Amino acid sequence: MKVELGIPATRETEIPSRDNVKFYQVGSYAVGNRLAEVIDRSIQSDPHRYNSLTSGHRACQGCGEALGARYALDTAMAETDGDLVAVNATGCLEVFSTPYPESAWTVPWLHSLFGNAPAVATGVAAAMKAKGRNTRVVAQGGDGGTVDIGMGCLSGMFERNDDVLYICYDNEAYMNTGVQRSGATPPTARTATTQAVGEHPGNIFGQGKDMARIAMAHEIPYVATATVADLRDLEYKVRKAMTFRGARYIHVLVPCPLGWGTPSNETIKLARLATQTGFFPVFEAEAGEVTSVSKIRRPAPIEEYLKSQRRFASLFRPERDEEALARLQAICDRNIRRYGLIEEDKLDSDVLERVVNAPEDPEGRFDSIRQATAETKRAQVEAAFGKRKKSKLEGESFSTVMRPEFEGDARSQAGGAQGRSHTKAGSGSATDKPLAERRSEVLIDSSGIEAGPSVLDPETETFGVHDPGTTNYEGDVEATSNEEEK
Ligand SMILES: Cc1ncc(C[n+]2csc(CCOP(=O)(O)OP(=O)(O)O)c2C)c(N)n1
Ligand code: SF4
């Protein structure tokens, strides 16, 4: 049976020279290749490379961030003939490279604050332009500095299309200050602030930000993701980014042995597994549209990626958390479908079925938003009923006069009755019916929120939620009314 994946036909990222390069490791393109033709060599294999982040820094052994930054900055330097300024957010990269009064940077390098690197970079770019210089600017930071505290500055930089390449080195937590959770920490991961305790150990599902997609939503000229498992791809993307003017964003997955609880010699392997599972899709996008993806060879099961990382130990001990594992697998399957990470005919039928049927939102991000909306509505209804406690009830009067913003909501709750799955749609005008009948017409919308039908109060000419009276919405409506009437 032929099942359509329904995924866009995304082309594979074409990395120049890759076809001519001899691969020493299956699935990896991390080769220097000094033996290849000059044109086919990686930037790192050039004995005259810039060494932007040179030896002597104090990163941990196996630090993916140090590796990624060296490749990225050397490429940017090569592309600009060394006419480059780097701006750094606070974080591991900044701290391990510049213990005062030393510096491991051989490029002009600036550090200001944790959250303002994009703004500082914007200023540097503007200053260079004002001085009539062609100096290019790269800003860089960890995931905390990027997706959390620096998000506002970064969004502004994107919106203004400032001429800066921003690189996020994503190690999925605030590593420099002791592994606190960030908006890029995956669900179930243990961090100092999401301990592996309780019913749902580690970071919870339903939160977190997909920064590459947020960047794409700004429709900036160029967005890409990359990992330190494929350094030629990273070089290619930085090189390509430097050919654009305006705001550009590259999000690089950089495993952190200390924070992830992994051996320092597994950094590359883990980065590769993150992509080969589909957990971290690697792609390029221009002006908001995905233009190419790095195809995967065969989707590795997510367990292969998780099991050697101590931050995910609670998924396997004391017993397997099948539900969480299935949700994490579903994230991979959704990504495979969303980005077209592999051709359908290369998938085994059971995997294909899983990919086709993966939910759109396995993270549960929208679930939590829907729940929050439901809670807000519930609070509004409660507030409305609360107000009525203060008003004098007269016979069948409409006790709650709505605030204008709530009025619309209440109207739409009543008017949209037919569109809701659990609605008891009332017939005829609410005011034509006896109170008892109207009491039974409490609307329940799809979020489980009850609200009285909105009706016009002839006295005040405002819409109000009809008094549900003895339906006693989670409280003491009737009792309070009686008290007030006394
Ligand atoms: C305004 C402000 N808040 C908190 C800090 C402390 N701080 C310094 S680095 C850091 C975490 C950096 O995390 P991330 O950006 O993810 O980079 P990483 O260290 O993981 O590379 C924090 C919280 C600070 N320097 N400034
Ligand atoms: S804590 Fe992690 S990110 Fe920081 S230097 Fe060590 S390995 Fe690198």
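Colleague: What percentage of the 486 residues in the chain do buried residues make up?

Modeller: This is a predicted model. Its chain has 486 residues. A residue counts as buried under 20% relative accessible area. Buried residues make up 52%.

Colleague: How many helices and strands does the chain have?

Modeller: The elements are DSSP runs, numbered from the N terminus. The chain has 16 helices and 13 strands.

Colleague: What share of the contacts with a separation of 6 or more comes from residues 24 or more positions apart?

Modeller: Take the contacts in the chain with a separation of 6 or more. Residues 24 or more positions apart account for 70% of them.

Colleague: How much of the accessible surface belongs to carbon and sulfur atoms?

Modeller: The accessible surface of the chain comes to about 22,700 Å². The part that belongs to carbon and sulfur atoms is 51%.

Colleague: Where does pLDDT stay under 50?

Modeller: The chain averages a pLDDT of 81, and 73% of the residues score at least 70. One stretch under 50 has 118 contacts beyond four places in sequence in the model. Another has 61 such contacts. These stretches are residues 392–458 and residues 460–486.

Colleague: Which residues are closest to ligand 1?

Modeller: The shell around ligand 1 holds 16 residues. By class, 6 are nonpolar, 8 polar and 2 charged. The closest are Cys-92, Gly-144, Gly-145, Met-175 and Asn-176.

Colleague: Which helix gives the largest share of the shell around ligand 1?

Modeller: The largest share is 3 residues. They come from a helix that spans residues 143–148. That is helix H4.

Colleague: How much of the area that ligand 1 exposes when taken alone does the protein bury?

Modeller: Start with the polar atoms. An oxygen atom of ligand 1 is 2.8 Å from a polar backbone atom of Gly-144. A side-chain N or O atom of Asn-171 is 3.1 Å from an oxygen atom of the ligand, and a backbone N or O atom of Met-175 lies 2.9 Å from an oxygen atom of ligand 1. Taken alone, ligand 1 exposes 590 Å², and the share of this that the protein buries is 73%.

Colleague: Which helices each supply at least two residues of the shell around ligand 2?

Modeller: The shell around ligand 2 includes Cys-92, Phe-96, Pro-257 and Leu-258. By class, this shell has 9 nonpolar, 1 polar and no charged residues. The helices that each supply at least two are helix H2 (92–97) and helix H8 (257–260).

Colleague: Is Gly-202 buried or exposed?

Modeller: Gly-202 sits in the loop between strand E5 (165–170) and helix H6 (211–217). Its C-alpha atom is 8.1 Å from that of Arg-311, 109 residues apart along the chain. Beyond four places in sequence, its contacts include Thr-188, Ala-189 and Arg-190. Its relative accessible area is 8%, so Gly-202 is buried.

Colleague: Which side chain makes a polar contact with the side chain of Thr-191?

Modeller: Thr-191 is in the loop between E5 and H6. Its relative accessibility is 4%, so Thr-191 counts as buried. Beyond four places in sequence, Thr-191 is in contact with residues including Ala-173 and Val-179. Its side-chain polar contact, at 2.6 Å, is with Thr-194.

Colleague: What is phi of Val-179?

Modeller: Most residues other than glycine have a negative phi. Val-179 lies in the loop between E5 and H6. Its relative accessible area is 9%, so Val-179 is buried. Although Val-179 is not a glycine, its phi is positive, at about 65°.

Colleague: Is Ala-287 buried or partly exposed?

Modeller: Ala-287 is found in the loop between strand E8 (283–286) and strand E9 (289–293). Its phi is positive, near 45°. Its relative accessibility is 44%, so Ala-287 counts as partly exposed.

Colleague: What is omega of the cis peptide bond that joins Tyr-100 and Pro-101?

Modeller: Most peptide bonds are trans. Pro-101 lies in the loop between H2 and strand E3 (109–111). The bond that joins Tyr-100 and Pro-101 is cis, with omega about 10°.

Colleague: Which residue does a cis peptide bond join to Arg-317?

Modeller: Omega of this bond is about 0°. The partner is found in the loop between helix H10 (302–306) and helix H11 (322–339). That residue is Pro-318.

Terms used
Residues are numbered from 1 along each chain as its sequence is written. Chains are lettered from A and ligands numbered from 1 in the order in which they are written. This is a predicted model: local features need pLDDT of at least 70, side-chain atom pairs count only at pLDDT 80 or more; totals for chains, interfaces and linings use all residues. Side-chain values use heavy atoms; hydrogens and water are left out. A residue is near a molecule or strand if one of its heavy atoms lies within 4 Å of it. A polar contact is a pair of N or O atoms within 3.5 Å; within protein, one must be able to donate a hydrogen and the other to accept it, and residues adjacent in sequence count only if both atoms are side-chain atoms. Accessible areas come from the Shrake-Rupley method with a 1.4 Å probe; for residues, only the protein chains shown count as cover. Helices (H or I, at least four residues) and strands (E, at least two) are DSSP runs, numbered from the N terminus. Ala, Val, Leu, Ile, Met, Phe, Trp, Tyr, Cys and Pro count as nonpolar, Asp, Glu, Lys and Arg as charged, and the others, Gly among them, as polar. pLDDT is the predictor's confidence in each residue, from 0 to 100. Contact means heavy atoms within 4.5 Å. Buried means under 20% relative accessible area, exposed over 50%, partly exposed in between (1.4 Å probe, protein chains only).
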